[in-house]
Every structure is written in structure tokens, then in C-alpha cells.
Amino acid sequence: MITRGHKILFAVLLLACVAMAVALIRLRERAQDRLQAQAAEEPAAMTESAGSPPRIVTLYVPNDLDGSLTAVERSIPLPAGENAQARVLLESLIEAFAAPGTTHPISVASGINDVYFLPVPQGRGETKGQIAVVDLSGALAAAQPSGIEPETLTLLSMLATLHANLPSITQVHFLVDGQPRETLAGHADLTRTYLAAETNPQPSPVPGGTP
Amino acid sequence: MRWIDAGALAVVAAGVMAGGWAQTSGPPAMPVPPPPVQVQPRFVVALDAAHGGSDTGARFGQDILEKDITLALSVHLRSLLHARGIEVVTTRESDIDVPLLNRAETANHAQAAACLVLHATPTGSGIHLFTSSLNPAPSARLLPWDTAQAPYITQSLKLESEIDTALAHSEIPVTLGRASVQPMDHLTCPEVAVEMAPLVGGHVSHPRDITDAAYQKQVVESLAAALEQWRSDWKQP
Ligand SMILES: [Zn+2]
């Protein structure tokens, strides 16, 4: 027997279903709009980069011999849009890894697939700003020398370079070929999100000689 | 979320050690105060030879693998510490896969006074010492698994300094840093990752390969000396 209570419950459930369906459709439409806007922005950013005037940027290049990062100024044309700028900055940094006389030997044609941004979820103790999700190429991970120091320096140099040139980035998360991965090359943890202002190591005094 | 009960093992250990007078049966006619018992904390060193089995770690040329170098360092260091009367637990004694979880549990169960995680890398020069990149946190009975190392960071930095001094004494170049490398964040002991690199660069008078027996011996002897010094300086938290 269908009671009055059952009827009310049925009506409430039906209403909830309709409301959820409407909400899902709205969310899907918004996500689609965002993707389209991003797709429209990216080719524009790339063409703008070619004609845009060069800007002085600071790259933090690792020195594996003393575990330090060296600030190097470069003049490079930066495209419009922070996503594209972050990608150009990191590609320039990776080029510097392979410069003659390097102590951080990584040579790769293209190290960054993409960089995209997420707002930092606001909660207790969270910094404001944006999370940069850096999608490293599998080729970079394969060319990365395995070890705590070389892997940590690769990540720290990227954090420092992004932090210095794009201060709105407060946190960074790394993927490899679009997928989460446990480590960069067997050591440095990629499961966590890093603070962009994470330690800039200083060279420690070298015993028994001059560095 | 996974938690570690940092207090439980200590309570059990103290109970067993104090058992001589704690296990009296029936109330005595005249209450006799128990003699003061000095519970001497055990000084145990945990050695983790990183990698092993299918996880080869870094490669040095064609056929030298990091997993073999770390195991050789661990075995050598264990014997030097035994000779100094220091108790040692190791996470592996052969070329086997050991999950990170088991490595942390071995070290934590031993309630080690020092944990050394041994690595080797083909780049850089000398010895790289790393402590966990976690921020120091106050001690608690229940420690979250992901940040279990946080209350030990201050002690870990002291241990790192002790090792740095011993290596400097042997004129081995050292670089210090903080890193996110597992299982370091899960260890409930003063811990340092010791990463051995070849001796290269302008400041090195005698370049040495990582497989150089004399270089390895010098490193292991410096580590043993540092741990012996740590035995005098270490205070159980
Ligand atoms: Zn390793």
C-alpha cells in the first residue's frame, strides 16, 4: 500500500534527481567553455611569442658539484598568458641544463608538454595564489640522471625559476606525460605538491680546498 | 589516514626492562621501596641499503648498479659498527625487493637512535647528505604516517652535522640539502640520507670513481666514526 509518506519521499527524490541533472549539465557546459577558451588562447599566445619584445628573466641553473642553484639572467621573448610564459621559462631552463660545461647533464629536445593552472583550494594554512601543474615529458624523465641530488636540483630549479618570474604561482605539482608518477627518476617524490618558494640551497663550504 | 603509535613500543620496552621488580606476587607484609632502576636506552643504528631486486637504482656505466653499491656500503658499515659494539638492524642483506613500507617498519620497530638511508649517484661530487624536507613539529604519541619524521627533524639535523664533521675530517667534499625521498618522511628516528657520488671537480686533488675501494673505505670509516660520536651525543627524546 502506498502511504502519504511514500508519496512525499518519492516526490523529494524525484526533485533531487532533477536538480542534480540540471547541476551536472551546467557544470559540463562550463567545463566545455573553459576548454574552448583555453584552446583559443593558446595558438594566439604562441604567435604572440614570436613577435613579442624580449624580456629579462631569471633562470635558476643547478650546479651538481656543490648542490647550489645559480641565478642566470636571459633575455627571451615571452608570450602572453601565464601558462605559455611558464612553459617558455621552463624550456629555457632545460636548455641551460645542456649548455657547455654543465654539471647538471640533461639533454632533451622538449622537456615540457604543458603547464596549466589551478586555484589553491582555500583552507586552513593554505597560501593564496595558483598551483602550476607542470607536465614534464617522458623524454625529460628518461634523460634525468638518477639520484637524490640531481633529481632534487631539477625540481628546485624549476620551482625557483617559476617563483622568481611568475610570483602568482605559489605551489607546483609535477606530472610525467600527463600521468601522476611516484618519482622523477627513482628518488625525488612527485606524489606531493611543492611550495614554489621551497628551499634555495646554498653551496656548503668545501673541506680541504677552494670550490 | 595511517598513524604510527610512537609511544607504544617504548612503553613495552621499558616494561620488559623493569620487569625484575614489577612482577612481584602478592602484597608484601612490609612495603619495601623498589631500588632505583636505571633504564639505559638501547643504542641501535638502522641501515637502509636503498633499492634492491627489480629496483636497480642508478646505473654506473654498463654493469654497475646503485643497488649493489648501497648493499656493499651497508654490509661494510654494519661490520665496522659491530666491531665498535654498536647494535645494527638492516633493511636488506641481499639483492631483494623490499617495499618502502617494510623499510620504514624495520627502522621504526627497532626504535633506532640513528637511521642512515644509503644511496649512490653518478653525478655531483663527494657525499650528499639529505634530511627530510618536512617542517619540524612537536612530538606526539600518535604520528601521522606521512609526516612521522617531523618531530625528529631537529635531531636529524644534528646527526647530519655530526656526519658532515666526520667526512670533513677525512677531506671528503660534502653537500647538504633537504629532500622529499621516501621512505624518509615515515621514519621515527634521527635520519640522514647519505648519497655517495664520485670524487670529481676542480677542487678535488685525486679524482676517484664510485667503485674505488679506498674511497668507499674512507666514506664508511667516516660514517662509523660519526655514529660512534653520535652514541655519546644522542639523547633519547
Ligand atoms: Zn638511490
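These are my notebook entries on a predicted model with chains A and B, a zinc ion and a pocket.

**Entry: zinc site**

I started with the metal and listed its protein donors. Chain A gives His187(A) through NE2. From chain B come His51(B) through NE2, His119(B) through ND1, and Glu66(B), which is listed twice with OE. I noted donor distances of 1.9 to 2.8 Å from the zinc ion.

Next I asked where His51(B) and His119(B) sit in the chain. His51(B) is in the loop between β2 (44-49) and β3 (59-60) of chain B, while His119(B) belongs to strand β6 (residues 114-120) of that chain. They are 68 residues apart, so I wrote this pair down as a link between distant parts of the chain.

Then I checked burial: are these two histidines buried or exposed? His51(B) has a relative accessible area of 4%, and His119(B) also comes out at 4%. I count both as buried because the cut-off is under 20%.

**Entry: largest pocket**

I pulled up the largest pocket and got a volume of about 1,100 Å³. Its lining has 39 residues, and I wanted to know which of them are closest to the centre. They come from both chains: Asp189(A) and Thr191(A), plus Ser180(B), Gln182(B) and Asp185(B).

For secondary structure in the lining, I found that β6 (194-195) of chain A supplies at least two residues. In chain B, α4 (100-109) and β6 each do so as well. That β6 of chain B is also the strand that holds His119(B).

How do the lining residues divide by type? I have 16 polar, 12 nonpolar and 11 charged.

**Entry: sheet in chain B**

I traced an open sheet of six strands here, ordered β5-β2-β6-β10-β7-β9, with mixed pairing. At the edges I have β5 (87-90) and β9 (174-179), each of which pairs on one side only. The twist from one strand to the next averages 25 degrees.

I took a closer look at one pairing. Strand β7 (residues 127-132) and strand β10 (residues 191-196) of chain B run antiparallel, and four bridges join them. For a specific contact, I looked up Ile127(B): its bridge partner in β10(B) is Met196(B). A reminder to myself: strands of a sheet pair through backbone hydrogen bonds, either parallel or antiparallel.

**Entry: chain A overview**

Last, I tallied chain A and got four helices and six strands. Along the sequence I read the pattern as α-β-β-α-β-β-α-α-β-β. Chain A has 211 residues, and 41% of them are buried.

Note on methods: Residues are numbered from 1 along each chain as its sequence is written. Chains are lettered from A and ligands numbered from 1 in the order in which they are written. This is a predicted model: local features need pLDDT of at least 70, side-chain atom pairs count only at pLDDT 80 or more; totals for chains, interfaces and linings use all residues. Side-chain values use heavy atoms; hydrogens and water are left out. Donors are N, O and S atoms within 2.8 Å of the metal (3.2 Å for Na, K and Ca); water is not among the atoms, so sites may look incomplete. Buried means under 20% relative accessible area, exposed over 50%, partly exposed in between (1.4 Å probe, protein chains only). On a 1 Å grid over the protein atoms alone, a cavity is a set of points where a 1.4 Å probe fits but cannot get out, and a pocket is an open set with protein on both sides within 12 Å along at least five of seven lines; lining residues have an atom within 4 Å of a point. Grid points are joined across faces, edges and corners, and a volume is the space filled by probe spheres set on the points. Ala, Val, Leu, Ile, Met, Phe, Trp, Tyr, Cys and Pro count as nonpolar, Asp, Glu, Lys and Arg as charged, and the others, Gly among them, as polar. Two strands pair if DSSP finds at least two bridges between them. Axes are lines fitted to C-alpha atoms, for helices over the stretch in contact, and angles run from 0 to 180 degrees between N-to-C directions.
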